[in-house]
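Got a structure open and wondering how the labels people use are earned? Let's go through a few of them together.

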Amino acid sequence: MSVRLESPPRPAGVGMTTRASSAWAALAGVVSVTAFLASAEAVAWVTGAGGSPLFGVGSAAIDLAPAAVKNLMVSLFGTGDKVALFVLMGVLLVAITAGAGVLEHRRPPGGKIVFGIGGVVALVAVLTRADSTSLDGAPTAVGTVVSLVVLTALMTRLHRWEASTEPGWAAATVPEPPLRGPGLERRGFLVMAIAVGAASVVVGTGARLVNATRANVGALRDALTLPAPAQAAPAVPAGASLDVEGITPYVTPNADFYRIDTALQVPSIDPAEWSLRIHGLVDREIEISFDELLALPLEEHYATLSCVSNEVGGDLIGTALWLGYPIRALLERAGPQSGADMVLSTSSDGFTAGTPLSVLVDDGTDAILAVGMNGEPLPQQHGFPVRMVVPGLFGYVSATKWVVDLEVTRFADTEGYWTPRGWDALGPVKLESRIDTPKAGASVDAGRVPIAGVAWHPHTGVSGVEVRIDGGAWVAAELAESVSADTWVQWVHRWDATPGDHTVQVRATGADGVTQSETPLPPAPNGAEGWDEHTITVR
Ligand SMILES: Nc1nc2c(c(=O)[nH]1)N[C@H]1C(S)=C(S)[C@@H](COP(=O)(O)O)O[C@H]1N2
Ligand SMILES: [Mo]
């Protein structure tokens with residue numbers, strides 16, 4: 001006879017209560033998943049950080065999440081959406097594995113089945129990542145086996161502990177070795193749970209740190225010296241920067257540049273291994289290496305990049321000096337065929353953007369394959385070693401970071417990443433204006449107060465900005481200079497503030513003569529609108 005695997009409710013005071021044994025079983029489940037994560041990270045140390053199941057599952061979740069959930073995450077957490085995703089995953093993981101522990105205790109092998117299914121799901125997620133290699137399955141496979149071994153061992157110890165708390169335990173026949181009494185059996189379970197849990201935290205954290213460091217291309221980036229441009233950008237006119245405290249700088253430092261992408265783990269690409277393939281509806285397929293790209297006559301252009309998810313008045317926008325090679329020239333070499341109207345760019349991690357071919361081949365549009373940002377190689381988060389920058393288009397349809405592939409194709413035949421997720425196939429940046437100072441809700445002293453900010457309509461240009469106080473008449477603001485129509489422009493209105501609460505509103509007019517619309521529209525499907533949304537109150 002062997003010990004019963006199920007623990008029916010017992011009268012109080014006899015044996016272990018159902019509640020207590022469930023709690024310990026739940027702990028066994030959670031310890032097992034920490035062992036899974038730690039051993040997977042340790043294996044990924046050897047096989048490559050791309051196989052970390054945490055990132056594989058998280059990335060798959062991002063790609064599979066319905067558009068509404070994704071938009072909610074971005075609107076709730078903004079650029080902190082990735083941290084929020086990890087917290088959510090952590091909470092779910094604890095809940096599911098605690099449940100699996102309880103299930104394994106009551107209805108074996110239910111818990112093992114949950115762990116097995118979880119392992120297979122994670123394996124599929126990891127192996128279907130665009131940049132995964134066959135070795136990337138190893139961490140998840142090993143982790144799953146380790147978690148099953150740990151769960152089995154902890155359950156055996158838990159059952160022995162329970163059996164040892166029954167009256168007459170010494171006479172019970174359990175699988176070898178014989179019971180050693182409640183104290184020792186209890187210790188057997190707890191020592192293992194604590195030891196495995198602690199070892200997992202130490203090994204897992206250590207391996208994760210090593211993997212994160214190794215996935216950092218900082219050293220390769222530091223070793224890189226970009227060539228001087230064959231065609232430099234015009235100098236920023238002194239009149240582009242107004243002397244107003246709190247106004248957004250004309251050029252955004254790299255460290256302050258907004259970051260938006262679907263990459264949970266920033267792709268790490270060795271420039272020596274990078275290449276770009278241009279294919280599809282072209283006369284000649286082209287493949288170009290990083291060295292070949294740097295040997296071409298590079299150009300520098302100032303351009304403002306913005307995100308379609310930006311709310312009116314939002315800060316998902318920045319201006320940088322980009323160094324790169326015109327995409328137009330590369331496409332000319334490849335020779336797009338008639339009938340083609342889109343270039344689908346793909347990143348190393350599988351993100352895609354569909355850009356109108358007409359924009360990319362247009363002489364007047366400085367669409368570039370960028371390698372430099374504000375005088376440095378691209379920061380890893382901003383696409384190292386190569387990304388696209390297309391003035392006048394939102395990032396989601398044009399600014400592919402870590403770009404490795406350009407397919408000349410047709411809008412009728414394919415679509416970029418965000419199009420099936422509720423965003424328009426075409427994404428020209430809309431005319432916008434923003435008040436930077438004073439801040440909404442700020443108190444200022446009565447008297448002369450500069451109201452200032454930026455306005456943009458990349459590639460079209462801004463011809464005027466107007467401000468109005470308390471819903472009164474629109475007054476023209478002073479417009480600063482800019483390098484070109486491809487960047488935003490600063491503006492200021494010097495206001496004689498009177499005591500009391502006031503509302504401040506701003507609207508811009510584009511170089512095409514069209515004034516920013518009043519009616520609010522949400523970011524989806526093609527960019528937020530409505531200056532009325534950005535009304536601030538100042539005291
Ligand atoms: N590989 C890749 N490139 C991408 C994205 C992405 O998710 N993956 N997001 C795009 C979007 S939506 C925007 S707004 C810009 C943002 O570029 P930044 O992070 O350098 O500011 O990158 C674009 N390029
Ligand atoms: Mo974006």
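Q: What makes the pair between Thr 262 and an oxygen atom of ligand 1 a polar contact?
A: This is a predicted model, and in it a backbone N or O atom of Thr 262 sits 2.8 Å from an oxygen atom of ligand 1. A polar contact needs a pair of N or O atoms within 3.5 Å, so the Thr 262 pair counts.

Q: How do you know that Ile 260 makes a polar contact with ligand 1 too?
A: Check the distance again: a polar backbone atom of Ile 260 is 3.0 Å from an oxygen atom of the ligand. The cut-off is 3.5 Å, so this one passes as well.

Q: What about Ser 347 and a nitrogen atom of ligand 1?
A: Here an N or O atom in the side chain of Ser 347 is 3.3 Å from that nitrogen. That is within 3.5 Å, so it also qualifies. As for cover, the protein hides 99% of the 540 Å² of accessible area that ligand 1 has on its own.

Q: Which residues come nearest to ligand 1?
A: Out of 19 around it, they are Tyr 258, Thr 262, His 382, Arg 387 and Lys 401. The shell splits into nine nonpolar, five polar and five charged residues.

Q: Why are E1 and E2 said to pair?
A: Pairing takes at least two bridges, and E1 (residues 275–280) and E2 (residues 286–289) have four, so they pair, in the antiparallel sense. Leu 276 stands opposite Ile 288 in E2, and a hairpin of five residues joins the two strands.

Q: What makes E1 and E10 a pair?
A: Four bridges link E1 to E10 (residues 403–409), in the parallel sense. At least two are needed, so they pair. Ile 278 has Leu 406 as its bridge partner in E10.

Notes: Residues numbered from 1 in each chain as written. Chains lettered and ligands numbered in written order. Predicted model: local features only at pLDDT ≥ 70, side-chain atom pairs only at ≥ 80, totals over all residues. Heavy atoms only, no water. Near = heavy atom within 4 Å. Polar contact = N/O pair within 3.5 Å; in protein donor to acceptor, adjacent residues only side chain to side chain. Areas by Shrake-Rupley, 256 points an atom, 1.4 Å probe, with all protein chains shown as cover. Nonpolar A, V, L, I, M, F, W, Y, C, P; charged D, E, K, R; others polar.
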